[in-house]
Amino acid sequence: MLRKIGRLFVIKTRFEAFVIIYALALGATSRGAAYLEQYPGWGGQLLFLATTGAVFLAGAKILDCLKYEKAERERQASSDPMP
């Protein structure tokens, strides 16, 4: 039962990855807008840039991991002997 619940939290396709990255971007821009109000000037702009930059880094990592996991599954499938 726990395995079935755990599978809900695994990113399997690029579409799912892009949906998650979009949600991260919405949250980051919301947080960045709050920073611009709290810290006017350069400080708020740098914090806004940091929040949006983190989404780019996380998105790249998510997409790279999907590519790696797909290649790993294909490698295992090709190396498994036929029963």
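A residue is classed as buried under 20% relative accessible area, as exposed over 50%, and as partly exposed in between. In the predicted model described here, Tyr 35 has a relative accessibility of 22% and therefore counts as partly exposed. Tyr 39, with a relative accessible area of 42%, is likewise partly exposed. The two residues form a tilted aromatic pair, with 6.3 Å from centre to centre and 40° between the planes. The count of aromatic pairs comes to one.

The surroundings of this pair involve both helices and the connection between them. Tyr 39 is placed in the loop between α2 and α3. Apart from neighbours within four places in sequence, Tyr 39 is in contact with Gly 44 and Leu 47. Gly 44 is itself listed with the buried residues of α3. On Tyr 35, the face of the ring is covered by a charged side chain: Arg 31 lies over it, at 4.5 Å from the ring centre.

Helix α2 comprises 25 residues, for which a span of 36 Å is expected at 1.5 Å a residue; the end C-alpha atoms are 36 Å apart, in agreement with that value. The buried residues of α2 are Ala 17, Ile 21, Ala 28 and Gly 32, and they pack against α3. Phe 15 also lies in α2, but its relative accessibility of 63% is over the 50% cut-off, so this residue counts as exposed. The C-alpha atom of Phe 15 is separated by 21 Å from that of Lys 4, eleven residues away along the chain.

Helix α3 covers residues 42-79 and has 38 residues. The distance from its first C-alpha to its last is 55 Å, close to the 56 Å expected at 1.5 Å a residue. Its buried residues are Gly 44, Thr 51, Thr 52, Val 55, Gly 59, Ile 62, Leu 63 and Leu 66. The cover over these buried positions includes α2, which runs over residues 14-38.

Thr 51 illustrates the packing between the two helices in atomic detail. This residue is found in α3 and has a relative accessible area of 16%; because that value is under 20%, Thr 51 is buried. When residues up to four places away in sequence are not counted, Thr 51 touches Ala 28, Arg 31, Gly 32 and Tyr 35. Of these contacts, Ala 28 and Gly 32 are among the buried residues of α2, whereas Tyr 35 is partly exposed. A polar contact is also present, in which a polar atom of the Thr 51 side chain lies 3.4 Å from the backbone oxygen of Ala 28. Arg 31 thus takes part in two of the arrangements described, since it is touched by Thr 51 and lies over the face of Tyr 35.

A search of the whole structure for salt bridges finds one. It joins Arg 75 to Glu 72, with the closest N and O atoms 2.5 Å apart. Both residues lie in helix α3, where they are three residues apart, about one turn of the helix. Arg 75 has a relative accessible area of 46%, which is under the 50% needed to be exceeded for exposed status, and is therefore partly exposed. Glu 72, at 23% relative accessibility, also counts as partly exposed.

Methods. Residues numbered from 1 in each chain as written. Predicted model: local features only at pLDDT ≥ 70, side-chain atom pairs only at ≥ 80, totals over all residues. Heavy atoms only, no water. Helix = DSSP H or I, 4+ residues; strand = E, 2+ residues; numbered from the N terminus. Expected span 1.5 Å × (residues − 1). Buried < 20%, exposed > 50% of the residue type's maximum accessible area, 1.4 Å probe, protein only. Contact = heavy atoms within 4.5 Å. Salt bridge = Lys/Arg side-chain N within 4 Å of Asp/Glu carboxyl O. Phe/Tyr/Trp six-rings, centres within 6.5 Å; stacked < 30°, edge-to-face > 60°. Lys NZ or Arg CZ within 6 Å of the ring centre and 35° of its normal. Polar contact = N/O pair within 3.5 Å; in protein donor to acceptor, adjacent residues only side chain to side chain.
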